[in-house]
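Reader: I am new to this structure and would like to know what stands behind the words used for it. Could you take me through them?

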Amino acid sequence: MKYITVFSTLFLLTQTVLWAQDNAQVFVFDITIHDTKTELSNAIEIPHNEGYNNQPFFISNQELLFSSNNNGQADILKYNLDTNDKQWMNTATEGGEYSPQPIPNSNDIAAVRLDPDGLQRLYRYDTSTGTSSPLIEDIQVAYFAFYDDDHILGTVLSGESMDLVTIDLKTKTVDTIVSAAGRGIQRIPALHKMSYTVVNESNQMDVYLWNIETQESVFICQLPYGVQDYVWLNDSQILSGSGNRLFMYDTWGDAEWFQVGSTEKFKLQDITRMAISPDGKKLAVVGKKKL
């Protein structure tokens, strides 16, 4: 196993500036999936704070977490779609909390904290107290997803790019899989596998399927031009967004992306991150409202 201790001031400063300037919003739609199109309805524009609102993750069919501006600080917000209740899930820290998601077989939450001095670590947040503790130390985690409560697929900062790694929380070991990784890490529950992205020779993002049991990767597809984010709708269909258009790739169909919908009528543009509810009936989308 290879332990990684990396640091990139330039990368961290760039990320901090981008996060500070972002003014995206989180929208939630009912989604109906067909072979050649998706239907979005019952749009919910989550009441937001000016500034950063991003990285949604469903913790149930009616509740989702995302990173949101809290008086100039990015904190973990839980939002209930039925009651419209909001709850801050962490006590105030010196840093900002990003990419929140639940820890499997636990009531607690994991998130990446970026401190003012550039330290970037993965933390565990106790949902009953809001207090936090490092999940693993000595590595600069950028993005991550759980395979189970002991194993994480993530990216760590390496110079001005990122390495894809596996993290074993029991043994506290880190093993590198590939360099030049992207932020698109997903768990595919129906397949009990993971997927990740890598920057290809054309400077676009390739999606790979990763088998934790065999440690093997299989190429799936290249994301649409300029796109970094995607979400698995089920065990074979992948959804991504560009501008105000939605595209699908079906691993059992033709090897191509095709448009299946649009957010134009909802005046939502600049689509980036997305999340699907556990029952596959709700889609969270990050974008900007057209005035």
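Author: Gladly, starting with a pair of strands: strand S16 (residues 193-199) and strand S17 (residues 205-211) run antiparallel and are joined by 6 bridges. Across this pair, Met194 stands opposite Trp210 in S17. This is a predicted model, where local features need pLDDT of at least 70, side-chain atom pairs count only at pLDDT 80 or more, and totals for chains, interfaces and linings use all residues. Residues are numbered from 1 along each chain as its sequence is written, and side-chain values use heavy atoms, with hydrogens and water left out.

Reader: What makes S16 and S17 a pair of strands?

Author: A strand is a DSSP run of E with at least two residues, numbered from the N terminus. Two strands pair if DSSP finds at least two bridges between them. S16 and S17 have 6 bridges, so they count as paired.

Reader: Which sheet do they belong to, and what makes a strand an edge strand there?

Author: They sit in an open sheet of 4 strands with the order S15-S16-S17-S18 and antiparallel pairing. S15 and strand S18 (216-222) are the edge strands, since each pairs on one side only. Ignoring direction, neighbouring strands of this sheet are turned by 30° against each other on average; the axes are lines fitted to C-alpha atoms, and angles run from 0 to 180 degrees between N-to-C directions.

Reader: Which strands make up the open sheet that contains S13?

Author: Its order is S11-S12-S13-S14, again an open sheet of 4 strands with antiparallel pairing. Its edge strands are S11 and S14.

Reader: How do you know that S13 and S14 pair?

Author: Strand S13 (residues 161-168) and strand S14 (residues 173-178) share 5 antiparallel bridges, and the rule asks for at least two, so they pair. One of the matches is Ile167 with Val174 in S14. The two strands form a hairpin with 4 residues between them, and Lys172 in the turn has a positive phi of about 60°. S11 and strand S12 (residues 151-158) also pair in the antiparallel sense, over 5 bridges, and Phe146 has Ile152 in S12 as its bridge partner.

Reader: Why is the largest open space called a pocket?

Author: On a 1 Å grid over the protein atoms alone, a cavity is a set of points where a 1.4 Å probe fits but cannot get out, whereas a pocket is an open set with protein on both sides within 12 Å along at least five of seven lines. The largest pocket holds about 970 Å³ of space, a volume being the space filled by probe spheres set on the points, with grid points joined across faces, edges and corners. It is lined by 38 residues, and those closest to its centre are Phe57, Gln101, Gln186, Arg187 and Ala275; a lining residue has an atom within 4 Å of a point. Among the elements giving two or more residues to the lining are strand S3 (53-58) and strand S7 (96-102).

Reader: How far can I trust the model?

Author: The chain averages a pLDDT of 90, and 92% of the residues score at least 70; pLDDT is the predictor's confidence in each residue, from 0 to 100. Over residues 1-21 the pLDDT is below 50. Where pLDDT is low, the predicted coordinates should not be read in detail.

Terms used. Contact means heavy atoms within 4.5 Å.
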